[in-house]
Amino acid sequence: MDLQEVRSKARDRLRGICRVCPVCDGRACAGELPGMGGKGTGAGFINNVSALAQVRLNLSTIHGAGEPDLAYDFFGRKLAFPVLGAPMCGTGRNLGGIMTDREFIRAQVDGAVAAGTLAMVGDGGDPALYQEGLDALRLQGGRGVPIIKPREPEEISKRIKWAEEVGVPAVGIDIDGAGFSYMNRMGEPVGPKTVAQLQEIIGRTRLPVILKGIMTVKDAVAAVAAGAAGIVVSNHGGRALDHTPGTIEVLPEIAAAVKGRIRIFLDGGIRSGVDVLKALALGAEAVLVGRPIAIAAVGGGAAGVKIQLDQIAEDLRTAMMLTGCSNLEQISPAVVRVPRSWL
Ligand SMILES: Cc1cc2nc3c(=O)[nH]c(=O)nc-3n(C[C@H](O)[C@H](O)[C@H](O)COP(=O)(O)O)c2cc1C
């Protein structure tokens with residue numbers, strides 16, 4: 001099985017749900033939420049992909065970086081490359097129920113582990129979804145990161161406790177899910193959190209806590225003040241608020257403000273190893289990949305997810321070689337050119 005076969009199988013299975021476009025850029029599926037698209041006009045999703053396309057790479061081949069080392073240390077776990085699976089669940093809402101959440105989540109987790117990295121797992125209106133994620137991670141010896149919705153503080157702490165028992169390296173909160181009215185309708189209230197509330201939640205666990213869904217310098221600084229160990233610069237793949245900028249556009253200013261004080265990750269529109277290189281050059285340590293992994297899970301299960309992740313790693317290796325980077329530390333802003341207005 002190769003990536004083309006995986007994607008072609010996914011296209012058949014996802015008929016009427018996702019077109020599996022040659023470039024997954026949010027245009028054909030704009031507003032298809034629930035589903036695979038971005039919210040409203042779809043601009044948040046579209047901006048993620050189009051902003052990444054505005055970053056150019058400086059090709060350089062007169063150097064000694066022939067065999068790039070992609071290894072990344074994620075809170076004490078050695079990963080083969082700095083790319084993780086983004087948390088995705090809710091197959092009933094988003095994938096027309098073509099597979100169960102158990103199958104979908106296990107394909108993501110098992111495929112990521114097989115590729116030498118980790119996946120994050122999500123949370124939803126049906127409390128069983130979070131449990132499915134924890135079960136999948138338990139079967140893999142805790143290799144993965146549970147991401148909890150911004151529920152009432154006590155509810156978050158309860159779920160962090162369950163995650164501790166599974167032995168995961170870190171846990172997170174997708175704080176940009178604060179406006180998900182479907183959660184409230186299902187009797188699982190969510191909402192914004194103050195720094196004091198986050199401090200309290202984070203203070204109750206020994207696990208590093210990652211705040212996913214940071215799009216401003218102000219929130220990044222607040223995440224540091226709250227004691228978070230990491231942030232994901234993310235707009236939830238354009239699914240939380242319409243007309244958010246591309247995540248890569250806001251990364252340089254966020255990195256200028258907090259890099260070195262907190263781990264910075266990024267997601268949104270990452271489609272290839274070249275995109276990974278761009279994100280690392282502009283201040284991220286590692287990235288998450290969403291929809292391409294979902295498509296690969298539908299088309300080829302865990303094997304499909306591994307094939308997709310391996311392809312991204314291979315592209316990253318080549319891109320590092322052709323920009324003169326022999327390890328992740330050497331990836332600097334010098335390898336890219338960006339529109340002046342971003343800096
Ligand atoms: C079908 C689907 C389900 C998702 N479920 C979750 C979730 O449960 N928790 C979460 O933090 N993010 C969720 N996300 C957002 C992703 O984790 C990620 O931020 C986003 O998809 C990244 O953009 P990309 O898909 O363009 O790579 C979901 C995204 C999709 C497409």
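This is a short tour of the ligand site and of an enclosed space in the protein.

The model is predicted, so local features need pLDDT of at least 70 and side-chain atom pairs count only at pLDDT 80 or more, while totals for chains, interfaces and linings use all residues. Residues are numbered from 1 along each chain as its sequence is written, and side-chain values use heavy atoms, leaving out hydrogens and water.

Select the ligand and the residues near it (a heavy atom within 4 Å). There are 21 residues around the ligand, and P87, D267, R271, G290 and R291 come nearest. By class, this shell has five nonpolar, eight polar and eight charged residues. Here Ala, Val, Leu, Ile, Met, Phe, Trp, Tyr, Cys and Pro count as nonpolar, Asp, Glu, Lys and Arg as charged, and the others, Gly among them, as polar.

Next, show three side chains for their polar contacts (N or O atoms within 3.5 Å). D174 has a side-chain N or O atom 3.1 Å from an oxygen atom of the ligand. For K212, a polar side-chain atom lies 2.9 Å from a ligand oxygen atom. H236 places a polar side-chain atom 3.1 Å from a nitrogen atom of the ligand. On its own the ligand has 610 Å² of accessible area (Shrake-Rupley method, 1.4 Å probe), and the protein covers 98% of that area.

Now select C18, R19, C21, C24 and C29. Of the 15 residues that line the largest cavity, these lie nearest its centre. A cavity is a set of points on a 1 Å grid where a 1.4 Å probe fits but cannot get out, and lining residues have an atom within 4 Å of a point. The lining has 10 nonpolar, one polar and four charged residues.

Key:
A polar contact is a pair of N or O atoms within 3.5 Å; within protein, one must be able to donate a hydrogen and the other to accept it, and residues adjacent in sequence count only if both atoms are side-chain atoms. On a 1 Å grid over the protein atoms alone, a cavity is a set of points where a 1.4 Å probe fits but cannot get out, and a pocket is an open set with protein on both sides within 12 Å along at least five of seven lines; lining residues have an atom within 4 Å of a point.
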